[in-house]
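Welcome! Let's take a walk through a protein model together, stopping at a few places worth a look.

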Amino acid sequence: MKTQSNKVFSGNIWKFGCNWKAYETSFYNFIKDEQIVIGRENWRYSAGDLVAITEGFTVKAIVMVEEEPKAITENSSYRFITEKYNIAYEDATIYAKAEWYQLPEKEIFRYQVQRGAARVRKPDIKETVLKLWNGKNK
């Protein structure tokens, strides 16, 4: 299934938060500026997956993963930033380049799930993410 960006959508949708641990400083601006998504090996996303990027319960962006993720330790320039945001700089922390769509104020929505990383299974949230992603260039 193609999205409006002409990339092939895998059918998988994830939710990733921007606080490595509860009450830590958000790394949203860092990953937005780098055009990446960060996660963990045990929640392995793949090229073509969509990810709802959140701060708390607020979905601020939707991204499409552009490449297979790799260990963050393969990029030594990220070591300083992982220390700043208390992100585990280890092989189980993965990142990948992603196409970003930062939601305009009127499209920001809430997704109340406690876990920082989760596969989106709720049909209404999946529908919202797809609708926003597919309408981003309008």
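**Two residues with an unusual backbone angle**

N86 counts as partly exposed, because its relative accessibility is 38%, and partly exposed covers the range between under 20% (buried) and over 50% (exposed). Keep in mind as you look that this is a predicted model. You can find N86 in the loop between α2 (79–84) and β6. Its backbone deserves a second glance: phi of N86 is near 55°, a positive value in a residue other than glycine. Most residues other than glycine have a negative phi.

Now move to Q35, which sits in the loop between α1 and β2. Here too phi is positive in a residue other than glycine, with a value near 60°. Is Q35 buried, exposed or partly exposed? Its relative accessibility is 33%, so Q35 counts as partly exposed.

Next, let's go inside. In soluble globular proteins, nonpolar side chains tend to be buried together. In this model, the largest nonpolar core has 27 residues, and I31, V37 and I53 touch the most other members. Which elements each supply at least two residues of this core? They are β1, α1 (28–34), β2, β3 (50–55), β4 (58–65) and β6 (93–102). Of these, β6 gives the most, with five residues. Try zooming in on I31: leaving aside residues up to four places away in sequence, I31 touches C18, I36, I38, I53 and W100. There is also a second, separate core of 17 residues, and L50, Y101, V113 and W133 are among its members.

From packed side chains we turn to empty space. Rolling a probe the size of a water molecule over the atoms shows where such space is left. The largest pocket has a volume of about 240 Å³. It is lined by 15 residues, and those closest to its centre are K15, N19, G56, Q114 and G116. By type, the lining of this largest pocket consists of six nonpolar, six polar and three charged residues.

The second largest pocket has a volume of about 180 Å³. Its lining is made up of F16, G17, N19, W20, F27, I38, G39, R40, W43, R115, G116 and A117. Two elements, β1 (13–17) and β2 (36–40), give two or more residues to the lining of this second pocket. The largest share, three residues, comes from β2. Sorted by type, the lining of the second largest pocket has six nonpolar, four polar and two charged residues.

Conventions. Residues are numbered from 1 along each chain as its sequence is written. This is a predicted model: local features need pLDDT of at least 70, side-chain atom pairs count only at pLDDT 80 or more; totals for chains, interfaces and linings use all residues. Side-chain values use heavy atoms; hydrogens and water are left out. On a 1 Å grid over the protein atoms alone, a cavity is a set of points where a 1.4 Å probe fits but cannot get out, and a pocket is an open set with protein on both sides within 12 Å along at least five of seven lines; lining residues have an atom within 4 Å of a point. Grid points are joined across faces, edges and corners, and a volume is the space filled by probe spheres set on the points. Ala, Val, Leu, Ile, Met, Phe, Trp, Tyr, Cys and Pro count as nonpolar, Asp, Glu, Lys and Arg as charged, and the others, Gly among them, as polar. Helices (H or I, at least four residues) and strands (E, at least two) are DSSP runs, numbered from the N terminus. A nonpolar core is a set of buried Ala, Val, Leu, Ile, Met, Phe, Trp, Tyr and Cys residues joined through side-chain atoms within 4.5 Å. Buried means under 20% relative accessible area, exposed over 50%, partly exposed in between (1.4 Å probe, protein chains only). Contact means heavy atoms within 4.5 Å.
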